[in-house]
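Please read this report alongside the sequence and the coordinates. The sections go from whole chains to single residues.

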Amino acid sequence: MDAERSTWVWSGFSIVLLLFLHFLFRPMFVSLPVAPNLLVGALLLATLRLRAGHAAFLGFGLGILEAAMALEGMGWYALALTVIGYVGARSRDLLFADARFYVFGYLFVGTWIAESVLLLLGTTPPGLIRLLAGGATDAFLTALVCGGAEAATASIAERQV
Amino acid sequence: MRYLTVGRPESQRRDLVLAVILAFFSLFLSGLSLESRLAITEVLRSSILAPFIGAQNMFVRSSDLSEQVAALTTEREALAARVLEGADLALENQQLRAITGLPDRRTGEFAVGEVIPGAPEAGVSHSFLFRTRNEVVPVTPAGISSPEGIVGVLRTAHGGSGLGEFWTHPDFRVGVRTPTGSATGILRSFLAAGEETMMLLEGIPFQTDIPAGTLLVTSGIGGVHPPGVPVGFVVEEADSRSGWSHSFLVEPIVRPGQVRVGLVWLVGSVLPSPDSSSD
């Protein structure tokens, strides 16, 4: 298996696993005051490898599924995640994304922005503290979990080649 | 490892066009009627998301099964006592109505269903999916209550399930009165100090005082909720005062997180035929 293909397979696996965990443990994650947002994390990891259009399409699909799970926000979740997918992939193109630290920062900033947008689209406007402190903590945890998954799969893929 | 894949300009244009189309489609979805969105939600929940929802339900059921058994046993004992107390009352009511020439007392029927809360926002869940065990189609909006008190309102129904809003939703309103009828008003959700969701009783004439601890029950005005369902207890007079009326802070009896099973009020609703319910 060549390096490119191996990386694709393992990255795809980690993204699917993160999405699987998100939908499986969703009630637990949403009930906790701070928790990683594996949905946004997996989408941002996918945007590292997908073309902007494909990333937007993935975001749209995930937004529809998330709204069906949440029982509200049909359309708004899709819109938010479509924009996040597209902007994520485009910013990856514009910024040089070759360093591991970049992935962590990319996940942290991306999740923070995404969480803030999703909270603002909700029925109850969040307080500023929830938006800043809660969002930042969630983003940090997301970057830690998803960045860790990305680093682990990347090292496995490199070892296989 | 390299992530950098700058596309050619024409690919970038195609990507942008696709993203814009998807964004417009998302806006179209958000503008759909509640019934259409419910239908899409139902299709997704019964197909792609079904394994996840099944696993979550299994986990929830197994984790608080013993708690539920204890609660149901207590509830059953209390209900048995109330049925014994009420047996004489029902007969007495019938006889008195016959004497005074009043028609039979009709309070409507209830259907039992499962309440599945939606995503909490800032710790509070506003929406829920309601699923009846038979194919009952309530006329919406219809009041949802639990044996303890008011839960919320069912906004849309489709094939035995529907989408509803807990009383915590900003649009929720219910007409209430004190048990003696000395005061009536409109109740809505209210974000009290400390971000706690409480209820606010509005429209009480300024000369009417309601002591703390007074129980408020539904007045039945509006036809959404049956009369006499407990809603909450008055805590204190609220700071806000408008014109000739004042408001009271109310502690709700039912919190959204506590409810798993609810009763939907069926006034003028389509009940399943005896043939279909026996299947």
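What follows describes a predicted model, beginning with the two chains and ending with two residues of chain B.

## The two chains

Chain A contains seven helices and zero strands, and along its sequence these elements follow the pattern α-α-α-α-α-α-α. Of its 161 residues, 52% count as buried. Among the contacts in chain A with a sequence separation of 6 or more, 72% are between residues 24 or more positions apart.

Chain B has five helices and 14 strands, and 28% of its 279 residues count as buried. For this chain, residues 24 or more positions apart supply 56% of the contacts whose separation is 6 or more.

## The largest nonpolar core

The largest nonpolar core comprises 89 residues, and the members that touch the most other members are A:Ala42, A:Leu43 and A:Ala56. Helix 4 of chain A, spanning residues 52–70, gives the most to this core, with 13 residues. The core also reaches into chain B, where domain 1 (9–63) and domain 2 (109–272) each provide at least three residues.

A:Leu43, one of the three core members with the most such neighbours, is in contact with A:Leu58, A:Gly59, A:Leu62, A:Leu81, A:Ile84 and A:Gly85 once its neighbours within four places in sequence are left aside.

## Helix 3 of chain A

Helix 3 of chain A, which runs over residues 38–47, is mostly covered, with 10 of its 10 residues buried. The buried residues of this helix include A:Ala42 and A:Leu43, together with A:Leu38, A:Leu39, A:Val40 and A:Gly41 in the earlier part of the run and A:Leu44, A:Leu45, A:Ala46 and A:Thr47 in the later part.

## A helix contact between the chains

Helix 4 of chain A also meets helix 2 of chain B (residues 34–45), the two axes coming within 9 Å and crossing at roughly 95°. Because this crossing angle falls in the range from 65 to 115 degrees, the two helices count as roughly perpendicular to each other.

On the side of chain A, the contact is made by A:Ile64, A:Leu65 and A:Ala68 of helix 4, and on the side of chain B by B:Thr41, B:Leu44 and B:Arg45 of helix 2. Sorted by class, the residues of this contact are four nonpolar, one polar and one charged.

## Two residues in the strands of chain B

Where in chain B does B:Leu187 lie? B:Leu187 is found in strand 9, residues 184–191, and it counts as buried because 26 C-beta neighbours lie inside 10 Å, the threshold for burial being 20 or more. Not counting residues up to four places away in sequence, B:Leu187 touches B:Val174, B:Val176, B:Met199, B:Leu200, B:Leu201, B:Leu216, B:Val231 and B:Val250. Its C-alpha atom is 5.5 Å from that of B:Leu200, a residue 13 positions away in sequence.

B:Arg173 has its place in strand 8 of chain B, residues 173–177, and is partly exposed because 14 C-beta neighbours lie inside 10 Å, a count between the limits of 12 or fewer for an exposed residue and 20 or more for a buried one. Leaving aside its neighbours within four places in sequence, B:Arg173 is in contact with B:Ile186 and B:Arg188. The C-alpha atoms of B:Arg173 and B:Met199 are separated by 9.9 Å, with their positions 26 residues apart along the chain.

Note on methods. Residues numbered from 1 in each chain as written. Chains lettered and ligands numbered in written order. Predicted model: local features only at pLDDT ≥ 70, side-chain atom pairs only at ≥ 80, totals over all residues. Core = buried A, V, L, I, M, F, W, Y, C linked by C-beta atoms within 7 Å. Helix = DSSP H or I, 4+ residues; strand = E, 2+ residues; numbered from the N terminus. Domains from an automatic or database assignment. Contact = placed C-beta atoms within 7 Å. Axes fitted to C-alpha atoms, helices over the stretch in contact; angles between N-to-C directions. Parallel < 35°, antiparallel > 145°, perpendicular 65-115°, else oblique. Nonpolar A, V, L, I, M, F, W, Y, C, P; charged D, E, K, R; others polar.
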